[in-house]
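Please study the sequence and the structure shown below. Then work through the exercises that follow, comparing each solution with your own.

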Amino acid sequence: PKEIFLKDYKLTDYYFHTVDLSFLLGEEKTTVSAKISVVPRVDGVASPLVFDGVDLKLISVKINGNELKEDEFQVGPRHLILTSPPSGNFILETVTEILPHKNTSLEGLYKSSGNFCTQCEAEGFRKITFYQDRPDIMAKYTCRIEANKSLYPVLLSNGNLIEQGDLEGGNHFALWEDPFKKPCYLFALVAGQLESQDDTFTTCSGRKVALKIWTPPQDLPKAEHAMYSLKAAMKWDENVFGREYDLDIFNIVSVPDFLGAMENKSLNIFNSALVLASPETATDADYAAILGVTGHEYFHNWTGNRVTCRDWFQLSLKEGLTVFRDQEFSSDMGSRTVKRIGDVSRLRTRQFPQDAGPMAHSVRPHSYIKMDNFYTATVYEKGAEVVRMYKTLLGSQGFRKGTDLYFERHDGQAVTCEDFFAAMRDANHADFANFLLWYSQAGTPIVKVTSSYNAEARTFSLKFSQTVPPTPGQPVKEPMFIPVAAGLLDSSGKDMPLSSIYHDGKLESVTCCGQPVHTTVLRVTKGEEEFTFPDVPGKPIPSLLRGYSAPIRLQSDLTDEDLFFLLAHDSDEFNRWEAGQILARKLMLSQVVNFQKSSPLVLDPQFVHGIKCILLDSSLDKEFIAKAITLPGESEIMDMMEVADPDAVHAVRKFIRKQLASQLRHEFLNLVKENRSSEKYVFDHTNMARRALKNTALGYLASLEDEEMTELVLHEYKTATNMTDQFSALAAIAQKAGKARDDALADFYNQWQHDYLVVNKWFALQSSSDIPGNVENLYKLLGHQAFDLKNPDKVFSLIGGFRASHVNFHATDGSGYKFLGEVVLQLDKLNPQVASGMVTAFSRWKRYDETRQNLAKAQLEMIVSVNGLSKNVYEIASKSLA
Ligand code: B3K
Ligand code: ZN
């Protein structure tokens, strides 16, 4: 397969002005007619014009109304080439046939539960018609859809509905016109039996927008929360970014077979799990995901659609920025600290391992074989951190000036990451030094910091040194520009006022409006660098990287005592949590060593005390407490080991949880009793926080595995009035193999078998279970009547879930690897994107011991040796082996 490089980017010789599409949707085949007005970039140049096209049957091709002769074009499996197009503007008309009902790839035009829908990002439009399928080709579209009226009563596309009517033979049609130019990846079409929940939103300038959320009729009552989320997002984008919606209609369609959600202009398409919710069937996490994703896709209307990417290497231009925007939106709708903790944890568990593995790539990748493989945590989440750093450096107002200028300069254009950088810089006359390296250098920087206090001179110094580890294709790295938000705590735990810093031979003021500050942002740009605070009356405890101001691994010389102090006092709540996590990581790593030496495991009483203080601190937010008493995940600890040892990490985490539960039993019991839900489910921060704390405490208590606790958990399961509580109780029961577990799982399935979204949770809970030898159950569940390898959500629940159980996936008999290897090959035939998502679980095989290495490698070798493997899976598997 061919690798595509950023450095080879070239403008096309031709662009398109308007595109008129016409679809005749049928049961056996769909006919697509496309009329494209083609414009040569340089007049008089008539070079061959290459259109992308995959799985298309060409019926006819005309230029300016004349059918082309055989020697005037070539058509192959991936392209249509006009060998000698006319010089000057011309109209190209093609007619092609496609087979949506046979399309299981979930891109292009396909059928999901009887309805037609599309997914064109990144390169799916070429499965619909011949086109220059790249984002820098922006054109105005119309779309006529014709189909049988009783089978497909609803016909939707982008923009405004300008005509509709009935036709002979039971068909009807709709004609849509999108007044905004767009790249083809934002094209969408939906046809089917759908009903809409309707509402309106009046924008800041008084435009009344019709909002419609389309679902199959029976799901309609579950669209309420998505509607609430959409309206909140529209308002928020006006208030915070000054962005107003630009059409009179905004549609969201919920479909069961869909990868995530998609921001098509005015016709967003979402996987049902990201739209449908009711208190009985969706958890708080589901509600939060719906809020965040609805916001995310809506925000793309400006960051992605109005201003789009020049090429797919720039994906983070829209995704990093839009993730940042959705993170900020969710923060403002709930708790900022808790949201930040969740986002940083996600970065650490999903992005850090990628940045340290064979698929490591920069936020703007340099090359790809299959673009789908680059919708990654690096492009999305690390990309969002890069955007956040601009805000950290410029402050809220400066950042807003930057985004205003970005929209002003680039509305209607397809641009690059440098354009965003330049807008931030120019709007603020800012000096961003080598900041652009964040886009081109892969790998998580490691920053070491040591501190020293000079009592005589009353100065406090922080010495930084940074390295960026080598990654594939980038053996040597340059130092990065790392904004480190820092504060100093005095001995009573209060922030010291900061007025100036000595740095680079100069004394710099850090005041704000003439007033001292409590947090200042240190600009670390060199391999080694020192900052000295003058007039520090006593030895402070530094609070560094507040709010996690840069996506790095920070290694400080803080002692355990300092960390306990920060855990108790830091005014930066994020860093209170972080101090607890650093302590927990140290503790877990020390016990891993004990486990490996077969020495007894021990729990430091000071740690228990620290956790107890947090538990009992009534001034703290309850969801914050829930986060602060949750130990770092197994993958995070394995990531810090020379050779990852899943068994040791699992045993240690389990041991500490059980010890905490036993020593704080009384406190946990009280938390459960005090925080039970009231009858009515409310989705707001206070109620979610209460449920989170209660359920975290319940999970701890269940780990004790004694009869009283089993009774308690069963009681919580039976009396639950919402899915958050019911599912948490089920998960607590399911920690331990046995009759209680089996009965509860059977009961749950019995209750919810009619609801596929809930059944997916049931699959995920079982597949991610750490109970010994669980792979056996996995094979059984593959054959379960509710399972279907063609549906991506079911695959993510069952196969994706399995990868989360490190003990079972990495079982030393190789059974977990074998299971995944077999499934990947089956999946690859149905849906290469989903298959390559699964094969990434093997990518860090070199991190394990020799036995596991050999077993995992054998699976990867088996996979790459298969004939007819997709490019998607080939890219991940072969790069993993390299
Ligand atoms: N832009 C889409 C991504 C589609 C990826 C398809 N392989 C969703 C989003 O990030 O908003
Ligand atoms: Zn996005």
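**Exercise 1. State which domains the protein is assigned and how far apart the centres of domain 1 and domain 3 lie.**

Step 1. The domain assignment, whose bounds come from an automatic or database source, gives domain 1 (14–280), domain 2 (308–440), domain 3 (446–551) and domain 4 (753–882).
Step 2. The C-alpha centres of domain 1 and domain 3 are 51 Å apart.

The model is a predicted one, in which local features need pLDDT of at least 70 and side-chain atom pairs count only at pLDDT 80 or more, while totals for chains, interfaces and linings use all residues. Residues are numbered from 1 along each chain as its sequence is written, and chains are lettered from A and ligands numbered from 1 in the order in which they are written.

**Exercise 2. Describe the surroundings of ligand 1 and explain where ligand 1 lies with respect to the domains.**

Step 1. The shell holds 13 residues; a residue counts as near if its C-beta atom, placed from the backbone, lies within 6 Å of the molecule.
Step 2. Glu121, Met262, Glu263, Asp372 and Tyr375 come nearest to ligand 1.
Step 3. Two or more residues each come from β20 (261–262) and α2 (284–299). Helices (H or I, at least four residues) and strands (E, at least two) are DSSP runs, numbered from the N terminus.
Step 4. Sorted by class, the shell has five nonpolar, three polar and five charged residues. Ala, Val, Leu, Ile, Met, Phe, Trp, Tyr, Cys and Pro count as nonpolar, Asp, Glu, Lys and Arg as charged, and the others, Gly among them, as polar.
Step 5. Domain 1 and domain 2 both give residues to this shell, so ligand 1 lies between them.

**Exercise 3. Trace the partners of strand β3 (residues 30–40).**

Step 1. β3 runs antiparallel to β2 (residues 14–24), with nine bridges between them; two strands pair if DSSP finds at least two bridges.
Step 2. A hairpin of five residues joins β2 to β3, and Ser22 stands opposite Ser33 in β3.
Step 3. Nine bridges also join β3 to the antiparallel strand β9 (residues 90–98), where Leu92 stands opposite Ile36.

**Exercise 4. Determine which strands stand at the edges of the open sheet of β10, β11, β16 and β13, and why one side of each is left without a neighbour.**

Step 1. The order of the four strands is β10-β11-β16-β13, with antiparallel pairing.
Step 2. β10 (108–112) and β13 (154–157) are at the edges, each with a single partner strand, so one side of each has no neighbour in the sheet.
Step 3. Within the sheet, β11 and β16 are joined by two bridges, and Cys117 stands opposite Val190 in β16.
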